[in-house]
Amino acid sequence: MGSLFLNSPTLATNKLAKLSGKFQWCFLRRKKMSSSSIVYCQGGGKAIRSSGFSSVLTERSSSTLVGDDHAAAVIDAGSLVLSPNGNKGQSEISIKDFDSYGGTTSSSLVEIQEGIGIVKFLGGKGFFITGATGFLAKVLIEKILRTMPDVGKIYVLIKAKNMEAAMARLKSEIINAELFKCLQQTYGKSYQTFMLSKLVPVVGNVCESNLGLEEDLANLIANEIDVIVNSAANTTFDERYDVAIDINTRGPCHLMSFAKKCQKLKLFLQVSTAYVNGQRQGRIMEKPFCIGDCIARESFGDFVSENTPRFPPTLDVENEMKLALNSKETFQENDLAQKMKELGLQRARKFGWQDTYVFTKAMGEMMIDSLRGDIPVVIIRPSVIESTCREPFPGWMEGNRMMDPIILYYGKGQLTGFLVDPNGVLDVVPADMVVNATLAAIARHGMVQKSGINVYQIASSVVNPLAFEDLAKLLYEHYNSTPYMDSKGSPIHVPSMKLFKSMEDFSDHLWRDVIQRNGLAELASSDRKLSLKHEFICRKSVEQAKYLANIYEPYTFYGGRFDNSNTQRLIESMSENEKKKFGFDVESIDWRDYITNVHIPGLRRHVLKGRGMCS
């Protein structure tokens, strides 16, 4: 796989004749092989509605080029616009509210040939990456090292007791990870030597002032790095308020303070989430947060009449950080954790966010904007990040992502329905596309080094929406053709997944289903009492499913659709070679292929470690 990527910029002069308008669409096609399958990326492709699905799944051909006019039509048709943000007209928003990446949409011939110059920019650059042992950051590190082995040092901040423990984590969680097998094959016996020549573990913590670094080490790193990537985050929806604020809000503050010490820093990149947009509805633009922005105020404005008992809330980020810290002193030790979780959800919903995670991430963005000064900043806002679609190989993932527990429980026959709007959209993006967009944005703005803040939403809900009812059909098709095997080696046959719009209906379904699956209906009908053990199992199963539904409800009934115009313009600025090597056109994803042939097999292989698969 490593041989597919060149280590120097490539001019695509022989491909200029193939350009139609400003760009070509790129789509993914899967070629089936005897024992494995590879995803190929090709230029061209026209979106065609699939007759097999009710709304949004598409099939793509490989022959037709699509111009700008058609692209605009696709975006408008697929956006499911409920209402634009604020009171502006849709046309006014589409023109004035896009945050430009700093260049014009027209390009000279030379610019088209060279594109952004991603590989060229990466050469010799020093990186400082937080959250490096996390899912997305590992995909980022792998892509950098595979496409530009001449990159400078990559300092990875690792939370550990000491240097020895940090090195152990680097080796076990990054260097020895299966994700890096392409690099392992490329370098063979020299693999570990190569990796240790590039990756430098740094003992530290974004939650601490000066990142927990000793002064001499901090100065050494500050003199060597060109790019800071903050990928550290606590993503638990209902985390303790103090814990979430420490890493998601204070963490960026500490990093920005460190960034100001870096003499040759070219860019600060914050990995955020599209859901920092909270409870906004309709098409949501790629706009940065300013300090004190409050989504609840956007909902009903500042006007208050004599009959209005409530004033619109005012968000003070500094006050929220103090509140999270001081509240720990007011609760008893035995219920501290639960009270702090409740406080986080309460504060989030008061100000217009659905949970503690996205609220504290949004406040982190606000603090970055407040503290950045002249430092160029890029904010990457992916939606739900799932398994890789193509690189370094299809289907790699780590841990249960957002939709995966539902997929796994359904495949095992343990969950036959869920609380969800059937016509709602699951906004999903593959991890490798998020990484490619990140690298394109780093190169684009790292070369310009223009003071400002640029936001890129890597999302599919506007340009290529996946409806929940279509996802349910895909899951049913997959598990009926490739069923999960029970402990005895027998296939588990699953019914079509039922989708419920109310918790009451969903709860009734859960009880009926769990009683039937455990054979308890027969026990009841024969006048025998249900054993306490069986009753406990049933109740626990139902409560787990309801808890999952409660946590996900703000997302399964989400009314926002993430515009990605800035991201589309970033694609347009790339050369044809860059689009092939660093493609992130989410409109090109064939959801049927991705879900059934890439994601679920990857989930079963890398998360379940092959359990329940045919031997």
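Which residue in S11 is the bridge partner of Val-271? In this predicted model, the partner is Ile-380. The two strands involved are S9, residues 267–271, and S11, residues 377–382. They run parallel and are joined by 4 bridges.

This pairing belongs to a wider sheet. Seven strands make up the sheet, which is open and has parallel pairing. Their order is S7-S6-S5-S8-S9-S11-S15. In general, strands of a sheet pair through backbone hydrogen bonds, either parallel or antiparallel. Strand S7 (199–203) and strand S15 (453–458) stand at the edges. Each has a single partner strand, so one side of each is left without a neighbour in the sheet. On average, neighbouring strands of the sheet are turned by 20° against each other, direction ignored.

Helices pack on this sheet. One of them is helix H6, residues 163–175, which touches strand S6 (154–158) and S7. The direction of H6 makes about 135° with that of S7. Helix H16, residues 431–448, also packs on the sheet. The strands touched by H16 are S5 (127–130), S8 (227–230), S9, S11 and S15. The direction of H16 makes about 165° with that of S11.

The protein as a whole has 23 helices and 17 strands. Of its 615 residues, 55% count as buried. Contacts between distant positions were also counted. Among contacts with a separation of 6 or more, 81% come from residues 24 or more positions apart.

Aromatic rings also link parts of the chain. The count comes to 19 aromatic pairs. One of these joins Tyr-275 and Tyr-558. Their ring centres lie 5.1 Å apart, and the angle between the planes is 65°. The pair is edge-to-face, because planes over 60 degrees apart count as such. Tyr-275 lies in the loop between S9 and strand S10 (282–284). Tyr-558 lies in the loop between helix H20 (532–556) and strand S17 (560–562). The pair therefore ties together parts that are 283 residues apart in sequence. Tyr-275 is buried, with a relative accessible area of 6%. Tyr-558 is buried too, at 8% relative accessibility.

A second edge-to-face pair is formed by Tyr-410 and Tyr-479. The centres are 6.0 Å apart, with 75° between the planes. Tyr-410 sits in helix H15 (residues 404–411), and Tyr-479 in helix H17 (residues 468–481). This pair links distant parts of the chain, 69 residues apart. Tyr-410 counts as buried, with 0% relative accessibility. Tyr-479 counts as buried at 1%.

Aromatic residues also gather in a cluster. Phe-237, Tyr-275, Tyr-357, Phe-418, Phe-500, Phe-506, Tyr-552, Tyr-555, Tyr-558 and Phe-562 form one aromatic cluster. Both members of the pair Tyr-275 and Tyr-558 are in this cluster.

Charged groups sit over rings as well. The charged end of Lys-125 lies over the ring of Phe-121, 4.7 Å from its centre. Lys-181 is placed over the face of Phe-393, at 4.3 Å from the ring centre.

Cysteines were examined last. The structure holds 0 disulfides. Cys-262 is buried, with a relative accessible area of 7%. Cys-294 also counts as buried, at 4% relative accessibility. Both cysteines are classed this way because buried means under 20% relative accessible area.

Definitions and conventions. Residues numbered from 1 in each chain as written. Predicted model: local features only at pLDDT ≥ 70, side-chain atom pairs only at ≥ 80, totals over all residues. Heavy atoms only, no water. Pairing = 2+ DSSP bridges. Axes fitted to C-alpha atoms, helices over the stretch in contact; angles between N-to-C directions. Contact = heavy atoms within 4.5 Å. Disulfide = S-S within 2.5 Å. Buried < 20%, exposed > 50% of the residue type's maximum accessible area, 1.4 Å probe, protein only. Phe/Tyr/Trp six-rings, centres within 6.5 Å; stacked < 30°, edge-to-face > 60°. Lys NZ or Arg CZ within 6 Å of the ring centre and 35° of its normal.
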